[in-house]
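Thank you all for making the time this morning. I would like to take you through one structure, slowly, and I will try to keep to what can be read from the coordinates.

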Amino acid sequence: FPVTIVEAWDFVEGVFCRDNIFFNTSSSAVAVNASSNANGLVSFKFQENDFDTCGGPGLFIDKVNNIQVTGCWFSSITSDALQLKSDCQAVVVSGNQFYPTAAGIRVECPDVRIDNNLISGGTTCITIPGGTRVGINGNTLQNANVGVDVGSSTNIHVVGNLFSSIATNVVQNVSSTTSIQSNRGDPGVGANAYIYRDWE
């Protein structure tokens with residue numbers, strides 16, 4: 001079976017990938033990357049694709065900008081299902097369903113909006129080890145060990161999400177630049193000081 005089905009490299013611009021099934025790969029199903037930021041261009045749209053049974057990430061993105069991931073399905077993926085690495089920027093992740101083994105979404109880059117997704121299962125629904133200016137709004141995050149792991153990131157906003165069956169921490173590793181407001185879900189949410197912190 002293939003290592004990677006689709007790969008975009010240097011000087012690729014204007015990718016529109018829609019209505020595909022990426023199945024049973026030994027590595028990433030789709031990798032969008034460039035050798036440097038100077039060679040990575042803009043405008044990448046992934047809509048209504050299935051990423052299923054992958055030996056690496058379902059969708060790996062780095063060194064490109066202006067990205068949309070909408071209406072997709074991710075399941076049975078060995079690594080973090082969607083990986084946004086440190087050298088991409090300006091990303092919208094909306095209306096997707098994730099059934100991860102590890103993390104549903106891994107964010108290491110700035111300027112990301114994550115809204116209206118369902119993430120169920122895995123170790124952590126959303127992990128942000130190195131991002132900044134990330135908005136997490138209106139998602140359903142459930143059946144995982146951790147809901148959102150802020151890591152060492154800054155300017156993270158976790159607002160209006162529904163948490164359910166989170167085993168350990170709904171939101172962890174918060175800092176003075178983390179804003180957490182109007183989330184609902186587990187009875188434990190009300191007892192967890194994380195959820196009521198609100199920094200203006």
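What follows is a walk through confidence, strands, core, salt bridges and cysteines.

Let me begin with the caveat that this is a predicted model, so that everything I say about distances and contacts describes the prediction. The chain has an average pLDDT of 90, and 92% of the residues score at least 70. There is a weaker stretch, residues 196-200, where the pLDDT is below 50, and in the model that stretch still has 13 contacts beyond near neighbours in sequence.

Now to the strands. Strand β5, residues 42-47, and strand β8, residues 65-70, run parallel and are joined by five bridges; within that pairing, F46 has V69 of β8 as its bridge partner. Strand β8 is in turn joined to strand β11, residues 89-94, again by five bridges and again in parallel, and here Q68 is partnered by V92 in β11.

Two residues help to make this arrangement concrete. N65, which lies in β8, is partly exposed, with a relative accessible area of 25%. Although N65 and L41 are 24 residues apart in sequence, their C-alpha atoms are 6.5 Å apart in space. If we set aside residues up to four places away in sequence, N65 touches L41, V42, S43 and F44, and also D87, C88 and Q89.

The other one is Q47, in strand β5, which at 16% relative accessibility counts as buried. With the same exclusion of residues up to four places away, Q47 touches F16, C17, R18 and D19, as well as Q68, T70 and C72.

Two of those contacts of Q47, R18 and D19, also pair with each other, since their side chains meet in a salt bridge at 4.0 Å, N to O. R18 is partly exposed, with a relative accessible area of 42%, while D19, at 52%, counts as exposed.

Turning to the interior, which residues of the largest nonpolar core touch the most other members? In that core of 48 residues, they are I61, F74, L84, I126 and V148. Strand β20, residues 162-172, gives the most to this core, with four residues. As general background, nonpolar side chains in soluble globular proteins tend to be buried together.

L84 deserves a closer look, because its contacts are not confined to nonpolar residues: leaving aside neighbours within four places in sequence, L84 is in contact with I61, V91, V93, V107, C109 and V112, and also with R106 and E108.That last residue, E108, leads us to the charged groups. A search of the whole structure finds eight salt bridges, and one of them is formed by the side chains of K85 and E108, at 3.0 Å, N to O. K85 lies in the loop between β10 (82-84) and β11, and E108 in the loop between β13 (103-107) and β14 (110-115), so the pair ties together parts that are 23 residues apart in sequence. Both K85 and E108 are buried, and both belong to a network of salt bridges that links them with D80 and R106.

The side chains of R113 and D115 also meet in a salt bridge, in this case at 2.9 Å, N to O. Here R113, at 41% relative accessibility, counts as partly exposed, whereas D115 is buried, with a relative accessible area of 9%.

Finally, the cysteines. How many disulfides does a search of the whole structure find? The search returns zero, and two cysteines show how this comes about in terms of distance. The closest cysteine sulfur to that of C54 is in C72, and because the separation is 12 Å, the two are too far apart for a bond. For C125, the closest cysteine sulfur is likewise in C72, but at 18 Å, which is also too far for a bond. Both residues are buried, C54 with 2% relative accessibility and C125 with a relative accessible area of 0%.

That is where I will stop, and I am happy to go back to any of these residues on the screen.

Methods. Residues numbered from 1 in each chain as written. Predicted model: local features only at pLDDT ≥ 70, side-chain atom pairs only at ≥ 80, totals over all residues. Heavy atoms only, no water. Disulfide = S-S within 2.5 Å. Buried < 20%, exposed > 50% of the residue type's maximum accessible area, 1.4 Å probe, protein only. Pairing = 2+ DSSP bridges. Helix = DSSP H or I, 4+ residues; strand = E, 2+ residues; numbered from the N terminus. Core = buried A, V, L, I, M, F, W, Y, C linked by side-chain atoms within 4.5 Å. Contact = heavy atoms within 4.5 Å. pLDDT = per-residue confidence, 0-100.
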